[in-house]
Amino acid sequence: MKLVIAIIQPHKLEEVKDQLYRAEVNLITVSEVLGHGRQKGVTEVYRGHKETGNLLRKIRLEIAVNDNYLEPTIKAITKGAKTGETGDGKIFVLDLEECVRIRTEERGSLAIG
Amino acid sequence: MNSGDTAWVLISAALVLLMTPGLAFFYGGMVRRKNVLSVLMQCFIIMCVLGIQWVLFGYSLSFHPGNGFWGGLQWAGLNGVSLEPYTDYAGTIPHQAFMIFQAMFAIITPALIIGAFAERMKFSAFLIFTLFWATFVYDPLCHWVWGMGGWLRNLGALDFAGGTVVHINAGIAALVTAIILGKRTNLDKNVPAPHNLPFVALGTGLLWFGWFGFNAGSALAANGLAVNAFVVTTTSASAAGLSWALIEWFRNGKPTIFGVCSGAVAGLVAITPAAGFVSVIPAIIIGLLVSVFCFIAVTIIKPLFGYDDSLDAFGVHCIGGIWGALATGLFASKLVNPAGNDGLFFGNPKQILIQLATVLVTVIYTAVVTFVIYKLVDIFVGVRVDEKTEAMGLDLTQHHERAYTVLE
């Protein structure tokens, strides 16, 4: 089991969701986060006071998958989120030790799907 | 000179000014949060730019007697616009009181168009477009309908508070800009939800409140006619808000606050040309029906043709305005206003034809000149922001500000 964490551009969320559904990955958690990588943030000016390097809005996806779904998931996120410009984001893959479905108390790969 | 009249017109001018910030919140709540400041900014900068344009030359172009087609520049810089009454427009208030009341109409009209091109227009292009549009579309049309010697005025068109000059005019300009500017990116995948419906409700409240100045103030006196306009204005808004909610309830299963707000604004639009000519029962009919027409325009016609009138400036203001102009030709009565005329239902079928002709002239003139101005601005500065800017939002890219922080 793997946990896929992806940081993407906010406006790419719909396309990524679309691609994930096509890859039959239906279980995702989405949160709004701030951050910047090489894109180096944005400049904001308030009453002449200039703030550079401010954090940009990003979307964070968390998806728990069984091993055979890992590659399709990565492909779907990449396909949906890629523009080729800096700021497209990153995908992190972590080993997932356990997963419990609360309603049935099922565990492991059965609980993920 | 009458101190009561003067006081009422000055207060009305302030009420109408407040409608533009009201509109800013009405529209600002409907856009995505990355663009809310851009909408507020567009509304507020119009108050600044047109506030100056009007006293420098806009008022003169619109209201100096001139000829049938334009007012001329004799009153430029308010030269000759005194603190004494100018009896051709209003005999009991200072000429400058009339002038500043009209200024607020000149400000809100181009602000209405913002709803059509929200979330994708370059700020610099917007500024140039607005200034030219006010000068070459609003000012001439205002002269034709309201100015001394204006040819539509002489034709006998009834437009009490600006159904034609303000709402049909802005609504048609909205449709033209929405069509030639094109859709917002990714719209087919995801129609963005309004980011703050409480703002929409707040804006509606401010508009409704300000509209008393807009319509009842257009009597230009604190008299019975003003009271009639006041009563029918709020009645029509009530009827239309209720009607929109009921339509949603029957059609979609649930009434919405967004629907009530849209309906109330449509009701205010529709009663605008009629406010000084119709009584209260026609006002209820005008209000109940305007929501039907506008609802069809925004939920059926817009998707059918696929233009992206983002915040329904055309669907509410133009459709509501046209219905109001025609309804004036149906329901107008000399019993309400001896200076007006009777409509179809009061034995004068000719009035509806005059109203129809005025609507057609407005639609054609505004559409053509708006198109030309848009194309010229597009050639010289480019009207639409690029795709990346649109994705990041206009607040950060056009103004280096954001409305909401995520961390403290």
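These are my notebook entries on a predicted model with a chain A and a chain B.

**Entry 1: the sheet of chain A**

I began with the strands of chain A. Four of them, in the order β2-β5-β1-β6, make an open sheet, and their pairing is antiparallel. I then asked which strands of chain A are the edge strands. They are β2, residues 29-35, and β6, residues 89-95, and each of these pairs on one side only. I also looked up the twist, which averages 20° from one strand to the next.

A reminder to myself: strands of a sheet pair through backbone hydrogen bonds, either parallel or antiparallel.

**Entry 2: the partners of β5**

Next I followed strand β5 of chain A, which covers residues 56-65. With β2(A) it pairs in the antiparallel sense, over 7 bridges. I picked out two positions in this pairing. A:G35 has A:L56 of β5(A) as its bridge partner, and A:V30 faces A:L61, also in β5(A).

How many bridges join β1(A) to β5(A)? I found 7, and these two strands run antiparallel. Here A:I5 stands opposite A:E62 of β5(A).

**Entry 3: a helix across the sheet**

I turned to helix α2 of chain A, residues 70-81. This helix lies across β1, β5 and β6 of chain A. I noted its direction as well: helix α2 runs at about 5° to β1(A), the strand of residues 2-8.

**Entry 4: chain B**

For chain B I counted elements before anything else. There are 14 helices and 0 strands, so the run of elements from the N terminus on is α every time.

I then checked how compact chain B is. Its radius of gyration is 20 Å, and the globule rule gives 22 Å for 408 residues; the two are close, so chain B is as compact as a globular protein of that length. Along its principal axes, the C-alpha trace of chain B spans about 55 × 50 × 40 Å.

What share of the 408 residues in chain B is buried? It is 57%. I also looked at contacts in chain B between residues at least 6 apart in sequence, and 75% of these join residues at least 24 apart.

**Entry 5: where the chains touch**

Last, I looked up the contact between the two chains. Chain A gives 12 residues to it and chain B gives 10 residues. I sorted the chain B side by class: 4 residues are nonpolar, 3 are polar and 3 are charged.

Terms used: Residues are numbered from 1 along each chain as its sequence is written. Chains are lettered from A and ligands numbered from 1 in the order in which they are written. This is a predicted model: local features need pLDDT of at least 70, side-chain atom pairs count only at pLDDT 80 or more; totals for chains, interfaces and linings use all residues. Two residues are in contact if their C-beta atoms, placed from the backbone, lie within 7 Å. Ala, Val, Leu, Ile, Met, Phe, Trp, Tyr, Cys and Pro count as nonpolar, Asp, Glu, Lys and Arg as charged, and the others, Gly among them, as polar. Two strands pair if DSSP finds at least two bridges between them. Helices (H or I, at least four residues) and strands (E, at least two) are DSSP runs, numbered from the N terminus. Axes are lines fitted to C-alpha atoms, for helices over the stretch in contact, and angles run from 0 to 180 degrees between N-to-C directions. The radius of gyration is taken over C-alpha atoms; the globule rule is 2.2 Å times the number of residues to the power 0.38. A residue is buried if 20 or more other C-beta atoms lie within 10 Å of its own, exposed if 12 or fewer, and partly exposed in between; C-beta atoms are placed from the backbone.
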